[in-house]
Amino acid sequence: MDNIATIKIHPTIGIARVGSSPTEFFIGPELPGERSPPPGGYKDRSNRVKRQAARFRVFGYDLHGKLVKELVASDATITWTVHLANKKAAWRRFDGLKHDAPFRNARVKDRHSLIIDPGPLSVSGVHQAVLCDSGMFRSTPVPLGEVRTDDQGRLLVLGGFGRSGSPINAPIRSFANNDGWHDDVSDGPVTAMVMPHNTTKILHATAAWVIVGPPKFAPALESITTLYDVLLQVAVDKLGRTLPTRPSFTQDVYPILARVMNMKWVSQLAGSAHKTLTAVIPPPGADSARAAIFARLRNPADGSGGDMPMIWSDDYGMQPDSRAASRRHAKMGEAENQPITKVQYRVMEQWKDGNFIDDWNGPPAPATEITPAGLDRAALEPCVGGPFYPGIEAGWLMRDVYQFDEPFRLSHKELTAGDITKQMSVPWQSDFNDCKFEDPLAWWPAQRPDNVFPARGNTQVRWTRGIVNSPEAMIKSWYRLGFVVKKGEKYVETERKAK
């Protein structure tokens, strides 16, 4: 313990998710590539969705920045402090990439009454719990979850129960901006004070952040561009992060190809273009095949190239409260797809040119050892990295505006609780309902499936069939929708409650 000079919290950004079960939860991914469902599935015996908890750990480093060890309750007294808040109703209306949109609930003079903020909560020891239930939305209590510790004194953050409402019974008019409404997603800083045993020295850990978002209904699948990819690009552009000179096919190229191929399980986008990807696995594949696939990618530098990935872009080209204009643009051939990141594009370009490491021995196995970097990656890879219209867990403010102290670690100097989720849709279910497949492109099928294969049957069907046909129905019945999980070589819908 004497050689520990600094302490850091990992993951740098933890991801929790709301759920309707009042009693059961599971811990979010902690190993890159590990996507096994929790024991008993994603719902409890009453078919209520389990909350996903974000677990945080503290790690000690020496004077040279070398990892010494993880610290737990047997090593030190660890006091955690978490501050969750929801600022959606008090923030600006979502209007694409505009920085100066008017505020939501503009007629409400008491802006603080629109912010659900129970204040910081602290917890220490093992098996402790504190409810985060004193926040109010215009005098209406809105619980945001709770903070706990596990049997080693690590922190667990659990979010709300997916409850959205309007104390004034306001109608749902928009996919993103509904005045008079609230939900119970949130975000905020995570800090820790660590006092090693047999000493009076107190170490303040380098802080982290937690985001509480909506459920991920296809947990085994990843978006083509993840939030990890986006923040890796930020680290390269702004923080001096360097990358290997040649990409690994197994670790860098294959994951991009696999994400595209797996979209067929949650969307009707499994066209002929996707089927050609199998021709380059195993590598190297024909030069012409690699060139043809690369030519389909949109260039993130100048917008040239093709229509891959086949998802809508941040620049949706319309007013935010109506998608009719976009549908007209699509029919006229003006649909614009979201490019992959510059880092991803460079990886694919090197692969196209044959400048990659052919280390293929089959799909990469999940990691087996907990590491600080692995925790950071495992938390962010299941999250949407685009399009940010507005997004699911986070939006373009995190990518384009907010500052980072080191790769993947948000700076706390100017951010306060609620700043990450404040530009998200309010309530989240209105966007979740609206962002289904819109010809010719999709939105977030790895989070919010469009079409799925039931566990029994070979015909793909609409994910929301018979349960949701309006934003109001999504608000009321989202927990009845099914989860897409891997069964053998297929990804199928399970745990659906039809009635």
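In which loop does Pro 284 lie? Select Pro 284 and the stretches on either side, and you will find this residue in the loop between α3 (272–275) and α4 (287–295), where helices (H or I, at least four residues) and strands (E, at least two) are DSSP runs numbered from the N terminus. Before going further, note that this is a predicted model, in which local features need pLDDT of at least 70 and side-chain atom pairs count only at pLDDT 80 or more, while totals for chains, interfaces and linings use all residues. Residues are numbered from 1 along each chain as its sequence is written, and side-chain values use heavy atoms, with hydrogens and water left out.

**Two cis peptide bonds**

Stay at this loop and show the backbone: the peptide bond from Pro 283 to Pro 284 is cis, with omega near 10 degrees. Then move to Pro 427, in the loop between β17 (409–410) and α9 (428–434), where the bond that joins Val 426 to Pro 427 is cis, with omega near -10 degrees.

**Helix α4**

Next, select α4 and colour Ala 289, Arg 290, Ile 293 and Phe 294, which are its buried residues; buried means under 20% relative accessible area, exposed over 50%, and partly exposed in between (1.4 Å probe, protein chains only). Looking down the axis of α4, you will see these buried residues fall within an arc of 130 degrees, taken from the directions from the helix axis to the C-beta atoms, so they line one face of the helix. The face turned away from that buried side carries the exposed residues Asp 287 and Ser 288. If you add α6 (342–352) to the selection, you have part of what covers the buried residues of α4.

**Strand β2**

Now select residues 13–17, which form strand β2. Five of the five residues are buried, so the strand is largely enclosed by the rest of the structure. In a regular strand the side chains alternate between the two faces of the sheet. Here both faces are covered, with Ile 13, Ile 15 and Arg 17 buried on one side and Gly 14 and Ala 16 buried on the other. Add strand β15 (residues 208–213), which runs parallel to β2 and is joined to it by five bridges; two strands pair if DSSP finds at least two bridges between them. Within this pairing, Ile 13 stands opposite Trp 209 in β15.

**Two asparagines**

Most residues other than glycine have a negative phi, and most peptide bonds are trans. Select Asn 47, in the loop between β3 (25–27) and β4 (51–61), which has a positive phi of about 65 degrees although it is not a glycine, and which counts as buried at 15% relative accessibility. Then select Asn 198, in the loop between β13 (186–196) and β14 (203–204). Asn 198 also has a positive phi of about 65 degrees, but counts as exposed at 86% relative accessibility.

**Thr 464**

The last stop is Thr 464, in the loop between β19 (461–462) and α10 (471–477), a residue that is buried, with a relative accessible area of 6%. Leaving aside its neighbours within four places in sequence, show Arg 448, Met 474 and Leu 481, with which Thr 464 is in contact, contact meaning heavy atoms within 4.5 Å.
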